[in-house]
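Subject: A structure for you, with notes on its salt bridges

Hi there,

Here is the structure I promised to pass on. Please have a look at it first, and then read on for what turned up in it.

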Amino acid sequence: MVFKKLRQAMGIGGPSIETVLHDPNTTPGGVVTGEIAIIGGQHNSDIKAVNLALRTKVEVESGDNEYTSNLEYAKMPVAGGFSLQEGARHSIPFQFPIPWEAPLTHMYGRPLHGTTVGIATELEVAGALDPGDLDPIAVHPLPAQERILVAFSNLGFQFRNADCEKGRIWGVHQELPFYQEIEFYPPAQYARGIKQLEVTFVSYPQSMEVVLELDKRGGVFTEGHDAFSRFTVDYASVEHTNWEQQLDGFMQEAGRRRGFF
């Protein structure tokens, strides 16, 4: 059992929370299990609700400005109202489902710089809400996502950064109000026309959408612009495709349409 959290929830003498995640490692569509212990303080407490919530930092565009915000995008009640006696301990086991569209925090077995996901334990006591600390979880790629990422690596793309953008992608069904962009530097064969590649996964139970954004390298008298390519990957047949060849074809086609190459 890992990632213990013990904090005073509602000021001096109030109850405290101890959250234990059995295993912080998961995947999109997976489940994180654990146990919440609420420990009574120096007086009896009226517990109104106990909730778990997923939070991620997202970039928000507002006019000409951009700022970072903590976004809560999945919430689950784990206990209703009950009375907690002074010094008593109340334990609540939980199973928290991870959305299929959850952003990745790890890639190629290493932390993905620029993206964090955490589970917060929220405790409501007598009308006051304690938003709770954040316990990090590690969201690893699905096998299909891993295969696509390995193909980009085999083509020579190098990871640059990752972030989450609030908003929606045109033409793609999304349950969550944001999407993740994983950015790569291009290899030499694409570098003359492309400044960077941004990859977005929007996953579902049986398949996923992959959106490629090619950022054109601007010239002395021209501005760079983006080209998009989108395709569907079926989990059942992902291993039967030469993805290195397929991805190269997608990028070449998108680049030709916009005059990149």
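Before anything else, please keep in mind that this is a predicted model. The protein is built from three helices and 18 strands. It has 261 residues, and 51% of them count as buried. Among the contacts with a separation of 6 or more, 61% are between residues 24 or more positions apart. As for the surface, about 12800 Å² is exposed, with carbon and sulfur atoms supplying 49% of that area.

Now to the charged side chains, which I think you will enjoy browsing. There are nine salt bridges in the structure, and here are some of them.

One of these joins the side chains of Arg55 and Glu122, with an N to O distance of 3.2 Å. Arg55 belongs to strand β5 (residues 45-62) and Glu122 to strand β11 (residues 117-125), so this salt bridge ties together parts of the chain that are 67 residues apart in sequence. Both partners are out of the solvent by the usual count: Arg55 is buried, and Glu122 is buried too. The pair also has company, since Arg55 and Glu122 are linked with Glu72 and Lys75 in a network of salt bridges.

Next comes a pair between helices. Arg147 and Glu244 form a salt bridge whose closest N and O atoms are 2.9 Å apart. Arg147 sits in helix α1 (residues 143-154) and Glu244 in helix α3 (residues 243-257), so the two tie together parts that lie 97 residues apart in sequence. Is each partner buried or exposed? With a relative accessible area of 17%, Arg147 is buried. Glu244 counts as buried as well, at 18% relative accessibility. The cut-off for buried is under 20%, so both values qualify.

The last pair for today is Glu209 with Arg230, where the closest N and O atoms of the salt bridge are 3.1 Å apart. This pair links distant parts of the chain, with Glu209 in strand β17 (residues 207-216) and Arg230 in strand β18 (residues 226-234), 21 residues apart. Here the two partners fall into separate classes: Glu209 is buried, with a relative accessible area of 10%, whereas Arg230 is partly exposed, at 42%.

Happy browsing, and best wishes!

Notes. Residues are numbered from 1 along each chain as its sequence is written. This is a predicted model: local features need pLDDT of at least 70, side-chain atom pairs count only at pLDDT 80 or more; totals for chains, interfaces and linings use all residues. Side-chain values use heavy atoms; hydrogens and water are left out. Helices (H or I, at least four residues) and strands (E, at least two) are DSSP runs, numbered from the N terminus. Buried means under 20% relative accessible area, exposed over 50%, partly exposed in between (1.4 Å probe, protein chains only). Contact means heavy atoms within 4.5 Å. Accessible areas come from the Shrake-Rupley method with a 1.4 Å probe; for residues, only the protein chains shown count as cover. A salt bridge is a side-chain nitrogen of Lys or Arg within 4 Å of a carboxyl oxygen of Asp or Glu.
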